[in-house]
Amino acid sequence: MGKHVGGADFRVHAAGDRSNRQASDWLLAGEAGSIREDALNAVEKAANQLRLVDLPPFPGVAVKALQLVSKPESRLRDLHDLISMDQAFATEILRLANSPLYGIRSEITSTLQAVMLLGYERVKGLLLTLAVKTYIGQSLEAPILKACWSHSLASATIAEELAMTTAIDKDVAYTAALIHDIGRLALAMILPEGYNKLRQQGPLDPGSILQAERDLFGMDHCQAGGLLMTTWNLPLTFIEVASYHHEPRKSESLDLVGLVSLACQIADALGFSVVSISGKYEDIVRELPDDMRRVIPGRAAKFLRRIADKMNGIESVLELKSIRVHPDSPVTV
Ligand SMILES: [Fe+2]
Ligand SMILES: [Fe+2]
């Protein structure tokens, strides 16, 4: 892990160096005040970029679990071995396995038993959900990070449902959607006040949000996510999702990036948005492929109730009581 972090340090610093060079060129030019202002902004952006390296590392067990998710040949035993390597995660998995949510009557006392009883797919999903929560850690009290968490969990839950109508593995879809906006989480952790200002603006389209991020941080959350995931040596599949989920779809067929992009838009439209957006649920659903439209309710309230129930189930297991989703009302974070 250390090696990868070192490698990414170089990339992050290199990006910062470019902006610094640009800034000093402008300063040397010493022209009108606006140029000086641009230079100072560039310095500030570079500083924010550099702070990406100060973010907490993604939990090692989660990085390895993500690598397992993308390997179809991985087995229950691999997952058990992985969880057993990290005592904190092993304890959490045992606690989850014994929670009433899964209705297993006998006491589960080993991680192997837990993985066998809960199943491979569920344990991987829970492990990653736990990992993202751990990553946010104490900062979860901040409203902006709560909103990021809520959006991620909603997107994951929706992506899982959408994937069931496609050939895409629902577990991979859940996981990819859970971490698709990790770059935004990072930017919000670096400068919560800056991101809060963005939140207070009126409904924006995704393109304007990305531009506002680039103005504020020198990079948008897709670039930041791609950079961080490269740093953590995550599989290319997840790097692509983080980097391109706001790009227009290039083909008719729906790949993982397209599916996560849809889940993200639906999550936003249902009220699980970080920055207020202009898209309407009914408009998004109308454009869905036929197979999806058959299972996704046309009315927002109905789908919101279903997603909220699932999210509350996960939240209660993770004891994230600070974020309760009320199925009858818009999401409050
Ligand atoms: Fe995003
Ligand atoms: Fe998103």
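Here is a short chat about how three helices pack in this predicted model.

Me: What makes α8 and α9 roughly antiparallel to each other?
Reply: Their axes cross at roughly 155 degrees. Angles over 145 count as roughly antiparallel, so α8 and α9 get that label. The axes also come within 7 Å, and α8 passes α9 in a right-handed crossing.

Me: And why is α9 called oblique to α15?
Reply: α9 and α15 pack at an angle of about 60 degrees, with their axes 10 Å apart. Roughly parallel needs an angle under 35 degrees, and roughly perpendicular starts at 65. The angle of about 60 degrees fits neither, so α9 is oblique to α15. This crossing is right-handed too.

Me: Which residues meet where α9 packs on α15, and how do they divide by class?
Reply: From α9 come V172, A173, A176 and A177, and from α15 come L256, L259, V260 and A263. They divide into 8 nonpolar, no polar and no charged. Ala, Val and Leu count as nonpolar, so that fits the names.

Me: What does the contact of α8 with α9 have by class?
Reply: S152, S155, A156, A159, E160, L162 and A163 in α8 meet K170, A173, Y174, A176, A177 and L178 in α9. By class, that is 9 nonpolar, 2 polar and 2 charged residues. Glu and Lys count as charged, so E160 and K170 are the charged ones.

Me: Where does A263 fit in?
Reply: Beyond its neighbours within four places in sequence, A263 is in contact with S155, I158, A159, L162 and A177. In the largest nonpolar core, of 89 residues, A159 and A263 touch the most other members. Helix α8 gives the most to this core, with 12 residues.

Note on methods
Residues are numbered from 1 along each chain as its sequence is written. Chains are lettered from A and ligands numbered from 1 in the order in which they are written. This is a predicted model: local features need pLDDT of at least 70, side-chain atom pairs count only at pLDDT 80 or more; totals for chains, interfaces and linings use all residues. A nonpolar core is a set of buried Ala, Val, Leu, Ile, Met, Phe, Trp, Tyr and Cys residues joined through C-beta atoms within 7 Å. A residue is buried if 20 or more other C-beta atoms lie within 10 Å of its own, exposed if 12 or fewer, and partly exposed in between; C-beta atoms are placed from the backbone. Helices (H or I, at least four residues) and strands (E, at least two) are DSSP runs, numbered from the N terminus. Two residues are in contact if their C-beta atoms, placed from the backbone, lie within 7 Å. Axes are lines fitted to C-alpha atoms, for helices over the stretch in contact, and angles run from 0 to 180 degrees between N-to-C directions. Angles under 35 degrees count as roughly parallel, over 145 as roughly antiparallel, 65 to 115 as roughly perpendicular and the rest as oblique. A crossing is left-handed if the near helix is turned anticlockwise from the far one by less than a right angle, and right-handed if clockwise.
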